[in-house]
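Okay, thanks for having me, everyone. Let me put the structure up on the screen, and then we'll walk through a few spots together.

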Amino acid sequence: MTAVSGARTVDLVYFNAGGGHRASALALEAAIQRAGLPWTVRRVNLREVLDPKDSFRKLTGMDPEDVYNKRLARGWTLGLAQELKLLQGMIRWSHATLVRALQQHWLATEPDMVVSLIPNFNRALCESLASTLPGVPYVTVLTDLADHPPHFWIEKGLDQHLVCGSPKAVQQARSAGYADERIHASSGMLMRSAFHERPPIDRAAERRRLGLDADRPTGIVLFGGQGSKAMLGIAKRLPETPLILACGHNAALARALRALPARAPRQVLEFTPDIAHYMRLADFFIGKPGPGSLSEAVQMQLPVIVVRNRWTLPQERYNAQWVREQGVGLVCGSFAKVGPAVDELTGQLGRYRAATRRIQNRAMFELPVILQDILVRAERPAPESASAGLESRTL
């Protein structure tokens, strides 16, 4: 890497809706540290910037992110496509107010680069930065495999860089009018370093220790950090399949799953930071087509079973298409068909596992290089001839 002279302050903008944006911010912060870059990295929760007095919580008793997360946990996702359009309309209507609040934030904090890991707010974020701190680079890192246009990730006409984790997203950025030097392709989604490591492990012995079957194909069921009541239906339909059921922060769901009768051994997990370890013990993945958990499963060479239907989050629907295109698993219309899907997948486990091995995600190592290059270019002085020409035109 070409060194950037002196320490720089880099802000990573995230929020807690869904959990994946915060996880990506943490993963990127760790990747920057691992790369040895002399940067001060600050995580910026956009909700706290826009609502510093916590007015929403005082009025409703919960954070706006909590409302969204509870809906995910309960499976109340039907209609979110229409609600997304309403949210985007409200953001456009309050654009001037958002820009003013963000301008004050940038003036007070003076970052050397801003990296957004969130959708929907990038026009306000980018325009407020450009008007307050001209020349400070603004980078949007898509934490979805593709954009969900319009106005979701890739806003047209902004002075920004875009980091795209799939050829589909690169094509979308070009279609939106961005020049190639503003589009930076990575090989996938950001993941924590634990998913890139291969520690020695006796899978059979560890499975026995946890009360699982050492020899039969074992699935891991995962619906993000909030879990989902859909896991109850999956567990009921797979009484003969050994399962690791990861419930995240949803303790009530974990209790309900433990109470279900099953003929096959099961391990029910509440929140754990070591989900990579449990993925190493599994043979396949069942869950929603979220970009984070899907990428982690494929990285751990787990073929996947996911669903795409009216309840699938609109920004995650392309991910199911990606599963089919890459041949890394099966896409069902509903989890009512999870039993036959498990039979089909486990019957051809070797073929599906070989497909996962063909996908090499190096985003954790690529992103620091991309960001450093953007910062170096932003700080490089303009050529004298260009400066002189500009001066003569000004005169």
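Here's one to start with: is the crossing of helix 13 and helix 14 left-handed or right-handed? Keep in mind as you look that this is a predicted model. So, the answer: helix 13 and helix 14 cross in a right-handed way. Helix 13 is residues 291-299 and helix 14 is residues 317-326, and their axes come within 10 Å, with a crossing angle of roughly 20 degrees. Anything under 35 degrees counts as roughly parallel, and therefore that's what we call helix 13 and helix 14. If you want to see who touches whom, Pro291, Leu294 and Val298 on the helix 13 side meet Asn319, Trp322 and Val323 on the helix 14 side. By class, that contact splits into five nonpolar residues, one polar and no charged.

Now a second pair, helix 1 and helix 17. Helix 1 covers residues 20-34, and its axis comes within 9 Å of the helix 17 axis, crossing at roughly 75 degrees. Because of that angle, helix 1 is roughly perpendicular to helix 17. Here Leu28, Ala31, Ile32 and Arg34 from helix 1 meet Met364, Phe365, Leu367, Pro368 and Leu371 from helix 17. The classes for this contact are eight nonpolar, no polar and one charged.

Hang on to helix 17, since we need it again for the second largest pocket. That pocket has a volume of about 390 Å³. It's lined by 23 residues, and the closest to the centre are Pro137, Asp159, His161, Arg182 and Ala378. So which helix gives the most to the lining of the second largest pocket? It's helix 17, with four residues. Helix 7 (122-132), strand 6 (183-185) and helix 17 (363-379) each supply at least two residues of that lining. As for the mix, the lining has 12 nonpolar, four polar and seven charged residues.

Last stop: two backbone oddities, both in loops. Most residues other than glycine have a negative phi, and most peptide bonds are trans. Against that background, look at the peptide bond from proline 149 to proline 150, which is cis, with omega near -5 degrees. Proline 150 sits in the loop between strand 4 (138-141) and strand 5 (161-164). Then there's glutamate 110, whose phi is positive, near 50 degrees, even though the residue isn't glycine. You'll find glutamate 110 in the loop between helix 6 (95-109) and strand 3 (113-116).

That's my tour, thanks for listening!

Key
Residues numbered from 1 in each chain as written. Predicted model: local features only at pLDDT ≥ 70, side-chain atom pairs only at ≥ 80, totals over all residues. Heavy atoms only, no water. 1 Å grid on protein atoms, 1.4 Å probe; cavity = no way out; pocket = protein on both sides within 12 Å on 5 of 7 lines; lining within 4 Å. Points joined across faces, edges and corners; volume = space filled by probe spheres on them. Nonpolar A, V, L, I, M, F, W, Y, C, P; charged D, E, K, R; others polar. Axes fitted to C-alpha atoms, helices over the stretch in contact; angles between N-to-C directions. Parallel < 35°, antiparallel > 145°, perpendicular 65-115°, else oblique. Contact = heavy atoms within 4.5 Å. Left-handed = near helix turned anticlockwise from the far one by under 90°.
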